[in-house]
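Here are my notes on this one, set out as numbered points. Keep the viewer open while you read.

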Amino acid sequence: MRCTLLFATFFLLTSGVDAQSTCPPLLAPAPDLAKLLFTSRQEGELGEIIRQQQESDFLVIEDDQVTSYLKRIGDRVAQHLPDTGLHYQFLLYDQPEIQAFSMPGGRVYVSRKMVSFLRNEDELAGLLGHELGHLAARQQALDLSRYFRDVLGLKTLSGDEDLFGLYNQFVESVRLKKRRSQPSSEEDKGQKIADQLGVQSVARAGFAPQAFPDLLDRILQTKGKTGNWFTDLFGATRADSKRLREALKDIATLPASCIEAKGPIHSEEFHQWQAAVLRYRGIGHPERLSGIVSRKQLNNPLRGDIEHFRFSPDGKYLLAQDEGGIYVLSRDPLKFIFRIDAADAQHAQFSPDSRQVAFFSSGLRVETWDLEHQEQTSVSDVPALRGCRQTELSPDAKFLACFDNSLDLTLYDVGSGEAIFKKDKFYDFDSGFSGYGGLLKFIYFLLHQDVVTLRFSPDGRYFAASSRTKEEVVIDLATQKKINVPGAIHTAMEYSFTFVGPDRIVGVDTFSPLKSPLVEFPSGKMIDRVPLGDGSLVAATNPKYIFIRPIQERPVGAYDLEQKKLAYSNRMSATDVWGDVFISERLNGEVGLYKVTDTKAYDTLQLPLGRLGVLRTFTASPDLKWLAMSSRTRGGVWDLDTNTRIFHIRAFQNAYYNANGNFFMDFPEFEKAKREMGVLSPVTQQSKGREIDKDDDLTFFGDVFLRTRHNDKNRNVRRNFELESLDMATGKLLWSRNFPKQGPWVSGSVSSGKLILVWNAKADGLRDELAHDAKVQERWSKENPSDTDSFMEVLNARDGSVAGEVVVHTGKYSFHPEYQMAMGDWLVVTDNLNRVLLYSVSTGEQKAKWFGYRPQISRNGDRLCLSNGRGHLVVYELHTMKQISEFSFASRISANLFSEDGKRLFVLTNDQTAFILDVVGGSVAAASSQN
């Protein structure tokens, strides 16, 4: 239900205004009351419901320092619109898209990237005026009224209608009934009316109305083309061009009396606000916490995995990049200098003169940082309207290459945002998918993320790109012109290639990889032929070496182009070489410098604490005294009372704390170490392990193993298999069940003591399962399920007895269940619509639904905690289904769970601060801080 400037989904009408000495009030077309189900108050309530569902998908920024200007401009435009009974709100959100949209009830959202795309205050006013035009004409309310009629069969709504229930009924049934699609002519009409209302309100507010068609022209990429009567006659005028023409006509017909005299131009204020929005790094809201029992920064915290290393060209500096940011280090001595927090940064690099660090985010925000002054020197937002499938930034951060989702290749000037080169269909399936070759290209495209190679020379002089469909281009960046290159370079560029220095290029010869060319660039002179595999090639800082990913059984290997052999391989993908020195991460989290010819580090460094990345798993003791958590490569156990790390261990993929005070952990295979179950005592600080055979298909579920014995060779097909439940401590068989036909998937949480068998309604094995119990068969029949529904069977993990069954109706896949957990009499299901659904296991009834994700239930089944937005948690009392607590944190949340009695909540934020909160006493609880 979003309305964008680019693609509108709602409609309006307006009336013209005759020139008069006094500008008459602006009138919006009166909506057809016979088609409108909602009052303004109900539309506001419905908008709040949709907000709860949608805002978890993006970060809404509530900081007045970056939002007050937006609100002020929006309020100024809105005061000239007719009164609709709606309360208008203007919100800034963080998403990598050039977009603005409005929601039912009066909310207007503007993305940070759209703010960067705007050129002045007048364009901002025009943008807001357009979105307000949709709202003033009640388009969203009219569209939702049509949807509710088509799907739910509603004709009228009472004043006290349960809108939350109706909206959920709608999203659950949207595929059960055919909706009438709105004709394109109606959508065009709606856009036209929103444009007209926007232009008129902007002019009345004292802004330049011409700015809106200027903005429209750039967004629609019409290049000023509006068409004319002749192109209209032959149907050659694009709809976007017609829209631009109508917008210009609206301005030309504005009465002079309705154009308020332009006040002082506030370009400086606009650009200051624009820069503040672009540089904003917060989580979007202030910390709002009550009931803090304890708050501690973890000692000896868990360190994130290094994902990227790079030396500066002069060898003086190097950078180490993890999931949360970039460390800048000196090489000799190996020493930490400063850190850049950049959670969404792609691989960073040094400028050719070794004086700056440059990187960009997935949203194409490009930043440069000065090494000497340790400060940001520039930030730019590249306006790629269609997004990018693959990207590459030049070393000097002046150019960014984008292979977009329309398969076009564009090279942008970062500073101006202008495209200096574009090649349509750079990945070409062949015309009309003709022939077998076109089909193979299409399959390759579906199976591989990287279908093109994009490379800049290390001095920033050249850009070269090729696709797997043999499209190629080379650009001289000094002249910004395409250049022709000899055949030897074409051969090198056919598949994976990389620059090795400013004047050489090496690439895999797809027909003869053992004789792959190393050639001079751009002359094409053959230098040598080297044996290469089919991995991805990236040059080291020392151009004598290239990295091949993957190689043999390692994620990366450094290949010596002079010796024509592998110099070393690495257990971690991140590495780089300068001179005869390479850098790598050690198992204990340190970074180490090595000679290429030696496996022993000659210098090491423990990096300062960075932000925690995504956890592989975590758990805590019921009394919240002991915490165990693991990242991708390493884990640990902490005493939360004394803030002491008890164990520092390799990564584990599951963990459970049993009643005897031990942690049971599932350690996967790692290098030469086999998979094993470890038992760790945090009290005695002793541990022991038991190997698990690699062919043994075991899954941890609390204090039991669940073993799957496959009777067919294909383990991925859930058919003809047996489930066995084994005691975690003794390995003793507890129970088993056989599924000779199509069987269920198994779900559940580690600490609940419950397993969930998830059946597809059309699975042939389900009929046999139902035949075992007449009561279950009767319940299944009463539910009248369809083939798209799910049957969830909740078992007690220790004895295999059935605790209850639930049928989840998906409305012909109107939504998809994604995660299930059971605790006590509750079954919790999350879906792809950002909802948490609560069922009674014993009765099968749905008891409640909320918007949110990552639910946690207390072990006694009294309370439920869920996330809805970054750094935001809500707690519900399940006996009353009422919200009892709400917490907003200053950092993102990495983990949270309840104490055994459900009265306290443990929360770990990604800065590795551990909170224990009183969810019952709230602000009455005593607060303490201990570091």
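1. Gln552 counts as exposed, because its relative accessibility is 72%, and exposed here takes over 50%. This is a predicted model, by the way, so read every value below as computed from predicted coordinates. The backbone at Gln552 may catch your eye too: phi is positive, about 50°, although the residue is not a glycine. You'll find Gln552 in the loop between strand E28 (545-549) and strand E29 (556-560).

2. Gln221 also has a positive phi in a residue other than glycine, this time near 55°. Is Gln221 in a helix or in a loop? It lies in the loop between helix H8 (211-220) and helix H9 (229-233). With 38% relative accessibility, Gln221 counts as partly exposed, because that label covers values between the 20% and 50% cut-offs.

3. Now for a glutamine in a helix: Gln53 belongs to H1. Gln53 is buried because its relative accessible area is 6%, and the cut-off for buried is under 20%. What does Gln53 touch, leaving aside neighbours within four places in sequence? The contacts are Tyr167, Leu833, Asn834 and Phe851.

4. On to H1 as a whole. The helix covers residues 40-54, 15 residues in total, and its first and last C-alpha atoms are 21 Å apart, close to the 21 Å expected at 1.5 Å a residue. Its buried residues are Ser40, Gln42, Glu43, Leu46, Gly47, Ile49, Ile50, Gln53 and Gln54. As a reminder for reading that list, an α-helix has 3.6 residues a turn, so residues three or four places apart point the same way. The cover over the buried residues of H1 includes strands E4 (100-103), E5 (107-111) and E54 (846-851), along with helices H5 and H6.

5. H5 and H6 deserve a look of their own. H5 spans residues 139-152 and H6 spans residues 163-173; their axes come within 10 Å and cross at roughly 65°. The crossing of H5 past H6 is left-handed. From H5, the contact takes Tyr147, Phe148, Val151 and Leu152, while H6 supplies Leu166, Tyr167, Gln169, Phe170 and Ser173. Sorted by class, that makes seven nonpolar residues, two polar ones and no charged ones. Tyr167 of H6 is also in the contact list of Gln53.

6. Next, strand E57 (residues 872-877). How many of its six residues are buried? Six of six, so the strand is mostly covered in the sense of the under 20% cut-off. His872, Val874 and Tyr876 point one way, Leu873, Val875 and Glu877 the other way, and all are buried. In a regular strand the side chains alternate between the two faces of the sheet.

7. E57 has a partner on each of two pairings. Strand E56 (residues 863-867) runs antiparallel to E57 and is joined to it by five bridges, with Ser867 bridged to Leu873. Strand E58 (residues 882-888) is also antiparallel to E57, through six bridges, and here Leu873 stands opposite Phe887. Leu873 therefore appears in both pairings, and DSSP needs at least two bridges to call a pair.

8. Both hairpins are worth checking for phi. Between E56 and E57 there are four residues, and Gly869 takes a positive phi near 110° in that hairpin. The hairpin of E57 and E58 has four residues between the strands as well, with Met881 at a positive phi near 65°.

9. Two cis peptide bonds to look up. Asp332 to Pro333 is cis with omega near 5°, and Pro333 is found in the loop between strand E9 (325-330) and strand E10 (335-341). Phe521 and Pro522 are likewise joined by a cis bond, with omega about 5°; Pro522 is in the loop between strand E25 (516-520) and strand E26 (526-530).

10. Last, Val357, in strand E12 (residues 356-360). Is it buried or exposed? Val357 counts as buried because its relative accessibility is 0%. Not counting residues up to four places away in sequence, Val357 touches Leu319, Val328, Ala348, Gln349, Phe350, Glu367, Thr368, Trp369 and Leu371. The C-alpha atoms of Val357 and Phe521 are separated by 26 Å, with the two residues 164 apart along the chain.

Methods. Residues numbered from 1 in each chain as written. Predicted model: local features only at pLDDT ≥ 70, side-chain atom pairs only at ≥ 80, totals over all residues. Heavy atoms only, no water. Axes fitted to C-alpha atoms, helices over the stretch in contact; angles between N-to-C directions. Left-handed = near helix turned anticlockwise from the far one by under 90°. Contact = heavy atoms within 4.5 Å. Nonpolar A, V, L, I, M, F, W, Y, C, P; charged D, E, K, R; others polar. Buried < 20%, exposed > 50% of the residue type's maximum accessible area, 1.4 Å probe, protein only. Expected span 1.5 Å × (residues − 1).
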